[in-house]
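Reader: I would be grateful for a close examination of the disulfide bonding in this model. Please set out the geometry and the surroundings of the cysteines in one connected account.

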Amino acid sequence: MIETTEPPAPPPPKRRSLLRVIVAGVVVGLIGAFFVLRLVRPYEYHGTVLQAADKAPAIDLDATDGSPLEWSRFEGKVVALYFGYTFCPDVCPTTLSDVARAKQIVGSEDIQAIMVTVDPARDDPDTLRQYVTSFDPSFLGAYGSDEAIAQAAALYGVYYEAREGSKATGYLVDHTATLMVIDPEGHLRLLLPFGVSAEDMAADFAHLLD
Amino acid sequence: MNSMKPVGLAVLAIALAACGGNVGIAIDEAWGRASPSTAEAAAFYMRIDNPTDTGDTLVGADAEPCGAVELHESSMNADGVMSMAQVAGGIAIPAGDVVLLEPGGLHIMCIGLDHELVEGEVVPVDLEFASGESRSIDVQIRSG
């Protein structure tokens, strides 16, 4: 007679299914936690976020729609403030074009773009108005005396300086190309560096409008 | 079988000659933004591909709507200040490299526009290289 050994008995059914339940539970728990954490994670803006207690500093300039530039006019709106000049062929049109597109993506009229000219010698109010409204009819330009512009730039930490160009270009103006974003409550809230995409700007604007 | 060899070699020789000699620098994706009315200057961007084993340099360009054309580069310093300057000596296109002219960086600056550039317009531009090569390209004008 051949001796056979019985294979070891499998663990009793009850214990095996309990183990499976525990493993399944842990896996589901981890997946669930991952999604919950993603939902509760704070929104990430695409630039520097400021926590200003005071409202955005007032600037003593006129807007190209004929009225003085006062922040109270834009309460409830997101203001995208930019310092540039119309002779700039690359950086300024890129930024203004991106802001126009971001406004279209958000689909709201509560986004106001304003460009303060750092080149008042060449950018008279009419030139400025035609320039900014080419990107979007709602866009405003801001202008004033050399002193008023210098003061506005200083208040917003914007550096600008004319530099010699070629005979063809005339002088060029170096300038801080950061987009200053004022929230609907009138506080300077977000600094977007040059190069942020229109889609990312739109996401940030939409979040501020929420 | 024997008659195939010389034909084969001839074909190979011709193919190699075509690859080495005439392919040269290729330009594509040339575009510019529609100019805001009153704008005096516009920027043209493109992709310059140099598949050859000799470096070259873009030294100039010509386009009818432009009173003058210069090669410029925008750059940003650590504080977010943008400045723009002519690229002295031209834009180098090293052997085997691709050089991108794009917003915020290198661009061809069209100065003294004689008319507002509108979306859909095509601007023919002649590019000149240090080697003596020249390329005529079409720059597509689009909005944003």
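Author: The model is predicted, and the account begins with a cysteine of chain A. A:Cys88 has a relative accessibility of 6% and counts as buried, because the cut-off for that class is under 20%. A:Cys92 is likewise buried, with a relative accessible area of 0%.

The disulfide itself is found in chain B. Over all chains the count comes to 1 disulfide, and the bond joins B:Cys66 to B:Cys110 with an S to S distance of 2.0 Å. That value satisfies the criterion of two cysteine sulfur atoms within 2.5 Å. The torsion about the S-S bond of B:Cys66 and B:Cys110 is about -105°, so the disulfide is left-handed.

As to its place in the fold, B:Cys66 belongs to strand β4 (residues 66-76) of chain B, while B:Cys110 belongs to strand β8 (residues 106-113) of chain B. The pair therefore ties together parts that are 44 residues apart in sequence. In general terms, such a link is a covalent bond between the sulfur atoms of two cysteines.

Both partners can also be described by their accessibility. B:Cys66 is buried at a relative accessible area of 8%, and B:Cys110 is buried at 1%.

A residue of the loop that follows may be set beside them. B:Gly120 lies in the loop between β8 and β9 (122-129) of chain B, and at 58% relative accessibility B:Gly120 counts as exposed. The C-alpha atoms of B:Gly120 and B:Met82 are separated by 29 Å, the two residues being 38 residues apart along the chain.

Conventions:
Residues numbered from 1 in each chain as written. Chains lettered and ligands numbered in written order. Predicted model: local features only at pLDDT ≥ 70, side-chain atom pairs only at ≥ 80, totals over all residues. Heavy atoms only, no water. Helix = DSSP H or I, 4+ residues; strand = E, 2+ residues; numbered from the N terminus. Buried < 20%, exposed > 50% of the residue type's maximum accessible area, 1.4 Å probe, protein only.
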